[in-house]
Every structure is written in structure tokens, then in C-alpha cells.
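Biologist: I am new to this structure and should be grateful for a close look at a single part of it. Please describe the nonpolar patch on the surface, and then place that patch in its wider setting.

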Amino acid sequence: MKTTCHPAESRPSLSRTNSITTSIRSSISAIQHRATRYRKYVILSSILLTLSSTAIIFYSLVLIKWYLMPNLRFWDEQFYNAPCFLLSLGIFKLIVAMYGLTINRYKNRCLLALFSFLLVVAFIMQLVSIGFFWSVRTSIILGEISGAKIIDMLKGYKIDPYITESMDYMQQHLSCCGGSEWQTGYIDYKYTSFGKNIKGVPDSCCID
């Protein structure tokens, strides 16, 4: 006896196959849409990091080379730490930006997670740098450095290599001499062993 399959019996299985196929396609489409969205966020974050890091590096170099903040280390250690930390922050942000642009072509969740972690670290470093410069601002507002502290610093001239190099650099580039006053700061050297023995001022004070 021959058995025949009624066409109506194949319809349920065919519809189930179509529904599974549609579900798979929608899942793939959702994954692709999510990956595209993440790539946009990574690109945007990397561009913002590149811009901010460039500004931070430029600003830190101005503080170091133009305003000579690290040379005021004898006043307070934070005058050295603040611009150097800011320069480190700018370089770190630039590295993170380059990393973000590099991993953008790969669909790797581990690389994306690492990028997110680096963003958090950069944010924390940014907060620390704000704290540094708030402390520097407070020290400047509270008042000038005491004359006794300047004399103690100048006593290390020709004894401490760091103080010697720092004072020579500032005196040459700022056309100044000595401590607290622009026109009479050279008098501070008479209280140091350098001024008493040589009875003068460093060569870096003299302008041809």
C-alpha cells in the first residue's frame, strides 16, 4: 500500500525553518549593529583623547620650558611634580588614543575591555592632575616664598649640582640674579659661601 504525504503536513516544518532562519538573521544583524556602534564610540573617544593629549602636552611644555616651574622645586616639591605629572598624563592619553585607533579594526571584546580600563585610568590621572594644580594655586595665593628659604637654597650654589644648574638656567633665561627681588636679588648671594669667598655673583648673572 502506498502512502502519500499531504502537502499540508510539510507546511508547519517549513514555517519553523523560516522562523529559525529569520531569528538567526535578526541576531546577526543586532550583533553587527552593536559592533558598529561600539566602533563609533572607540573612534570618537580616540579622537577626543588625541586632541586633549596634544593640548596637555603643549601646556605642560610651556610650564616647564617657559615658566620654569620645575626650577621652583626649592619652594615646594609640587612645583616640580605638577608639570611633570601633566606631561606624563598627556603622553599616556596619546598612547591610549593610538591604541584605540589600532583596535578599532578588530572585533575583540578583550581588547575593547582593555581600552575601557585605560580610559578609566586616564580619567583618574586627570583628577589627580587637577588636585596637583589646585595645590599649586593655593601655595601661590597664600603668599610668596620666605626670604630665609631663598637664602637656604642659594647656599647650595656650587655645592648641589641640581641647584647650580637650576639657578644658572633661570638667571640666564630670565635675565635675573639671586632671590626675591629682580633688581636687588643679587644681594642674597652675599649670605652664601659662594658670595663670601668669591665676593661676587655667578657668571650666569652677567649679561654681555
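Modeller: The nonpolar surface patch covers about 700 Å² and is made by I43, L44, I47, L48, L51, L94, M98 and L101. A patch of this kind gathers nonpolar side chains (Val, Leu, Ile, Met, Phe, Trp, Tyr) joined within 5 Å, from residues with over 30% relative accessible area and no salt bridge. Areas come from the Shrake-Rupley method with a 1.4 Å probe, and for residues only the protein chains shown count as cover.

The model is a predicted one, in which local features need pLDDT of at least 70 and side-chain atom pairs count only at pLDDT 80 or more, while totals for chains, interfaces and linings use all residues. Residues are numbered from 1 along each chain as its sequence is written, and side-chain values use heavy atoms, with hydrogens and water left out.

Two helices, α1 (7-66) and α2 (78-103), each supply at least two residues of the patch. Helices here are DSSP runs of H or I with at least four residues, strands are runs of E with at least two, and both are numbered from the N terminus. The larger share comes from α1, which gives the most to the patch, with 5 residues. One of the patch residues, I47, is found in helix α1. I47 counts as partly exposed because its relative accessibility is 43%; buried means under 20% relative accessible area, exposed over 50%, and partly exposed in between (1.4 Å probe, protein chains only).

As to the wider setting, the protein has 6 helices and 0 strands. It exposes about 14500 Å², of which carbon and sulfur atoms supply 64%. Of its 208 residues, 28% are buried.

The loop between α1 and α2 holds L68, which has a positive phi of about 55 degrees although it is not a glycine. In general, most residues other than glycine have a negative phi. L68 counts as buried because its relative accessibility is 3%.

L68 also belongs to the largest nonpolar core, a group of 12 residues that includes I150, M153, I163 and F194. A nonpolar core is a set of buried Ala, Val, Leu, Ile, Met, Phe, Trp, Tyr and Cys residues joined through side-chain atoms within 4.5 Å. Two elements, α4 (147-154) and α5 (161-174), give two or more residues to this core. Apart from it lies another core, of 9 residues, among them M69, F79, L86 and V136. Within the largest core, I163 touches M153, G156 and Y157, not counting residues up to four places away in sequence; contact means heavy atoms within 4.5 Å.

V136, named above in the other core, is one of the buried residues of α3, which also include F115, L118 and M125. Helix α3 (residues 109-142) has 34 residues and reaches 50 Å from its first C-alpha to its last, close to the 50 Å expected at 1.5 Å a residue; the expected span is 1.5 Å times one less than the number of residues.

Finally, a search of the whole structure finds 1 salt bridge, that is, a side-chain nitrogen of Lys or Arg within 4 Å of a carboxyl oxygen of Asp or Glu. R73 forms a salt bridge with E77, with the closest N and O atoms 2.6 Å apart. R73 counts as partly exposed at 28% relative accessibility, and E77 counts as partly exposed at 35%.

Note on methods:
Patch = residues over 30% accessible without salt bridge, like charges linked within 9 Å, V, L, I, M, F, W, Y side chains within 5 Å.
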